[in-house]
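Please read the report below alongside the sequence and the coordinates. It takes up the fold of one chain, then the contact between the chains, and then the two DNA strands.

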There are 2 protein chains.
Amino acid sequence: MNGRILPQCGVERFLILLDGPWATLIVRELLRGPQRFTELRGALTGISAHTLTHRLRRFEQHGLVKRTAYAEIPPRVVYELTPLGASLQDVLSAMNDWGTTVPEAALTAS
Amino acid sequence: MNGRILPQCGVERFLILLDGPWATLIVRELLRGPQRFTELRGALTGISAHTLTHRLRRFEQHGLVKRTAYAEIPPRVVYELTPLGASLQDVLSAMNDWGTTVPEAALTAS
DNA sequence: CGGCATCCATTAAGATACTG
DNA sequence: CAGTATCTTAATGGATGCCG
């Protein structure tokens with residue numbers, strides 16, 4: 001569907017930039033502050049290095065995340081949200097508010 | 001990732017119930033009011049009957065959408081959001097607000 | 001430590017054809 | 001009209017191993 005001609009409304013833009021189930025969770029984690037690769041991986045239970053790398057690269061390309069690599073031994077890489085990425089806070093809050101109102105029954109029925 | 005044990009926070013619930021790129025767009029369309037299958041299909045440019053059916057069935061199971069079938073010739077089926085589904089309005093608004101602030105450059109870089 | 005390369009499993013989604 | 005059935009494709013995501 002991503003190849004389609006989408007009307008460039010706000011919702012579509014959000015969906016294009018935050019596609020995949022992990023995208024939103026990574027942003028939420030980075031909203032807590034700048035973090036290293038390993039910190040992110042530890043916080044996001046179940047994510048693989050492969051996936052985390054790809055998501056972060058994509059965010060970087062889209063200007064949502066800033067990557068800073070320190071040429072040390074061992075190497076250290078810190079990821080942090082750009083102002084654009086940080087402004088996702090409002091959307092995440094809305095999602096969280098809605099999710100907490102969802103009854104258990106809606107989730108078990110799958 | 002859906003098989004993982006997720007902390008049952010709000011954001012996770014939202015992501016589980018609105019998975020896939022079409023889910024959010026279907027909800028946005030239904031926020032305009034109850035609609036028939038064909039109306040939805042026409043409004044969601046590019047969606048296939050197959051996909052629309054699956055998404056609607058899933059929403060129905062989760063209590064986000066109510067399906068009403070009229071035994072007429074030709075048959076008529078109307079979908080409408082439940083109160084739970086309608087309460088997604090706030091999240092959609094937040095997404096839309098954020099998306100409109102995204103610069104063009106973030107989208108072209110893909 | 002922070003990746004990348006490769007292979008593989010799962011799934012959303014499209015195309016097509018057909019039915020009550 | 002509103003689906004269902006089947007097949008196929010594309011993409012996300014996981015597992016493993018290697019590298020600077």
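## Fold of chain A

Read from the start of the sequence to its end, chain A runs through its elements in the pattern α-α-β-α-α-β-β-α-α-α, with seven helices and three strands in the chain. The model is a predicted one, and its C-alpha atoms in chain A fill a box of roughly 50 × 35 × 25 Å when taken along the principal axes.

An unreviewed UniProt entry places the feature "domain: HTH hxlR-type" at residues 9–107 of chain A. Over residues 9–107 the chain is 60% helix and 14% strand, and the C-alpha atoms at the two ends are 30 Å apart.

## Cis peptide bonds

In chain A, the peptide bond that joins A:Ile73 and A:Pro74 is cis, with omega at about 0°, and A:Pro74 has its place in the loop between β2 (65–70) and β3 (76–81) of chain A. In chain B, a cis peptide bond with omega of about 0° joins B:Ile73 and B:Pro74, and B:Pro74 is placed in the loop between β2 (65–70) and β3 of chain B.

## The interface of chain A and chain B

Between the two protein chains, 41 residues of chain A are in contact with 41 residues of chain B, and the area buried between them is about 3800 Å², with carbon and sulfur atoms giving 68% of this area. On the side of chain A, the residues that lose the most area to chain B are A:Val11, A:Arg13 and A:Trp98, which together account for 20% of what that side buries.

As for polar interactions, two salt bridges are found across the interface of chain A and chain B, and one salt bridge brings together the side chains of B:Glu12 and A:Arg28, with an N to O distance of 2.5 Å. Across the interface, 10 residue pairs are in polar contact, counted where both residues are at pLDDT 80 or more. The elements α1 (10–17), α2, α6 (89–101) and α7 (104–108) of chain A each supply at least two residues of the side that touches chain B, and α6(A) gives the most, with nine residues. Divided by class, the side of chain A that touches chain B has 23 nonpolar, 12 polar and six charged residues.

## The surface near DNA strand C

Around DNA strand C there are 22 residues, of which A:Thr38, A:Thr53, A:Arg67, A:Tyr79 and B:Pro21 come nearest. Of the atoms of DNA strand C within 4 Å of the protein, 81% belong to sugar or phosphate, and the rest belong to bases. By class, the residues of the surface near DNA strand C are eight nonpolar, eight polar and six charged.

Individual contacts of chain A reach phosphate, base and sugar or linking atoms of this strand. A polar side-chain atom of A:Arg36 is 2.9 Å from a phosphate oxygen of DNA strand C, a polar side-chain atom of A:His50 is 3.3 Å from a base oxygen, and a polar backbone atom of A:Pro75 is 3.3 Å from a sugar or linking oxygen. The elements that give two or more residues to this surface are α3 (37–43), α4 and β3 of chain A, together with α2 (21–30) and α4 of chain B.

## The surface near DNA strand D

DNA strand D is surrounded by 22 residues, and the closest of these are A:Pro21, A:Thr51, B:Thr38, B:Arg67 and B:Tyr79. Sugar or phosphate accounts for 79% of the atoms of DNA strand D within 4 Å of the protein, and bases account for the rest. The surface near DNA strand D has eight nonpolar, eight polar and six charged residues.

Here the contacts described come from chain B. An N or O atom in the side chain of B:His50 is 3.3 Å from a base oxygen of DNA strand D, while a polar side-chain atom of B:Arg57 is 3.1 Å from a phosphate oxygen, and a polar backbone atom of B:Val77 is 3.3 Å from a phosphate oxygen. The elements giving two or more residues to this surface are α2 (21–30) and α4 (49–61) of chain A, together with α3 (37–43), α4 (49–61) and β3 (76–81) of chain B.

Technical notes: Residues are numbered from 1 along each chain as its sequence is written. Chains are lettered from A and ligands numbered from 1 in the order in which they are written. This is a predicted model: local features need pLDDT of at least 70, side-chain atom pairs count only at pLDDT 80 or more; totals for chains, interfaces and linings use all residues. Side-chain values use heavy atoms; hydrogens and water are left out. A residue is near a molecule or strand if one of its heavy atoms lies within 4 Å of it. A polar contact is a pair of N or O atoms within 3.5 Å; within protein, one must be able to donate a hydrogen and the other to accept it, and residues adjacent in sequence count only if both atoms are side-chain atoms. Helices (H or I, at least four residues) and strands (E, at least two) are DSSP runs, numbered from the N terminus. Ala, Val, Leu, Ile, Met, Phe, Trp, Tyr, Cys and Pro count as nonpolar, Asp, Glu, Lys and Arg as charged, and the others, Gly among them, as polar. Contact means heavy atoms within 4.5 Å. Buried area is the accessible area (1.4 Å probe) that two parts lose on being put together, summed over both. A salt bridge is a side-chain nitrogen of Lys or Arg within 4 Å of a carboxyl oxygen of Asp or Glu. UniProt positions are given in the numbering used here, feature names are shortened, and annotations may be inferred rather than shown by experiment.
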